[in-house]
Amino acid sequence: MKLFRKLIKFLFIIILIGASICCIIGYSTYNQAVKEKPLLSRIEEITNKENYTKIDDLSKNYVNAVIAAEDHRFYDHGAIDIIGIGRAVFNNIKAKELQEGGSTITQQVAKNVVFSQEASISRKLGELFASFELEKIYSKDEILEIYVNTCYFGDGYYGIYDASYGYYKKSPKDLTLTEAAMLAGVPNAPSVYSPSVNPDLAKKRQKYVLNKMVEYGYINEKDINSVL
């Protein structure tokens, strides 16, 4: 029993040290990034762009598609989603492949606005600190708005305004259900799901988004059958 208690205590200390190191690395990475350019300045540059699209100017289908595909508990959790991370790990293990990520929309905004797309542990840790700061300053609607205006949609289109006009020659407010589902699915992997690059994979991703919309109650099976 004493040996067991010592082992538990040792493991707890190791975990505590590891968590402390991660916090130091994450904060240092985030602090360095905002020293180069403050978070508020970065956001202002984005929101002041000529074609920045407000959430009220987005198709409701598109908003629902983004939330269903990327972070269906977006309005119910904070900067990170522990439940979402656990679910993603479970589903990936079950599928024996990387099908889902555990990042929230807020974390993706942190990546798009504060950091580069380079995948590294220090960047991911810094992303967490940026995410908590974003949630302190901005509302959920504002964060979602920033997200869709900073996503890359392939074909040189950055932001939903350019993507909507580029692919469909129409305003983001006028996107149909199928168009909304298509564009909601592209940012996950633009080089793979861009309609002009891989039409078949893009359609497969579109169907995935539509099924997610059914799963989370935004539409029903009849809606899918009527548009596909």
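How many disulfides does the count come to in this chain? The count comes to zero, and the legends below take you through this predicted model one view at a time.

**View 1. The whole chain is built from helices.** Start with the overall picture: the chain has 12 helices and zero strands. If you follow the sequence from beginning to end, the pattern reads α-α-α-α-α-α-α-α-α-α-α-α. Of the 228 residues in the chain, 42% are buried. The chain exposes about 13,000 Å², and 57% of that area is supplied by carbon and sulfur atoms. Take the contacts between residues at least 6 apart in sequence: 62% of them join residues at least 24 apart.

**View 2. Cysteine 22 has no bonded partner.** A disulfide is a covalent bond between the sulfur atoms of two cysteines. Now look at cysteine 22, whose closest cysteine sulfur belongs to cysteine 23. The two sulfur atoms are 7.1 Å apart, which is too far for a bond, because a disulfide needs the pair within 2.5 Å. Cysteine 22 is partly exposed, with a relative accessible area of 35%. Cysteine 151, on the other hand, is buried, with a relative accessible area of 3%.

**View 3. A nonpolar patch lies on the surface.** Six residues make this patch: Leu7, Ile8, Phe10, Leu11, Ile14 and Ile15. Together they form a nonpolar surface area of about 580 Å². Pick out isoleucine 15, which sits in helix α1, the helix that covers residues 2-36. Its relative accessibility is 60%, so isoleucine 15 counts as exposed, the cut-off being over 50%.

**View 4. Glutamate 145 and lysine 54 join distant parts of the sequence.** Here glutamate 145 and lysine 54 form a salt bridge, and their closest N and O atoms are 3.5 Å apart. Glutamate 145 belongs to helix α7 (residues 140-150), while lysine 54 is in the loop between α2 (39-47) and α3 (60-70), so this pair ties together parts that are 91 residues apart in sequence. Are the two partners buried or exposed? Glutamate 145 is buried, at 6% relative accessibility, whereas lysine 54 is partly exposed, at 44%.

**View 5. Glutamate 45 pairs with lysine 37.** In this salt bridge, the closest N and O atoms of glutamate 45 and lysine 37 are 3.0 Å apart. Glutamate 45 is partly exposed, with 44% relative accessibility. Lysine 37 is also partly exposed, with 30%.

**View 6. Lysine 170 meets glutamate 179.** These two residues form a salt bridge whose closest N and O atoms are 3.0 Å apart. Lysine 170 is partly exposed, and its relative accessible area is 22%. Glutamate 179 has a relative accessible area of 14%, so glutamate 179 falls under the 20% cut-off and counts as buried.

**View 7. Three charged residues share a network.** Which residues are linked in a network of salt bridges? They are Arg123, Lys124 and Glu127. To place these close-ups in the full picture, remember that the count for this model comes to nine salt bridges, while the count of disulfides comes to zero.

Notes
Residues numbered from 1 in each chain as written. Predicted model: local features only at pLDDT ≥ 70, side-chain atom pairs only at ≥ 80, totals over all residues. Heavy atoms only, no water. Salt bridge = Lys/Arg side-chain N within 4 Å of Asp/Glu carboxyl O. Buried < 20%, exposed > 50% of the residue type's maximum accessible area, 1.4 Å probe, protein only. Helix = DSSP H or I, 4+ residues; strand = E, 2+ residues; numbered from the N terminus. Patch = residues over 30% accessible without salt bridge, like charges linked within 9 Å, V, L, I, M, F, W, Y side chains within 5 Å. Areas by Shrake-Rupley, 256 points an atom, 1.4 Å probe, with all protein chains shown as cover. Contact = heavy atoms within 4.5 Å.
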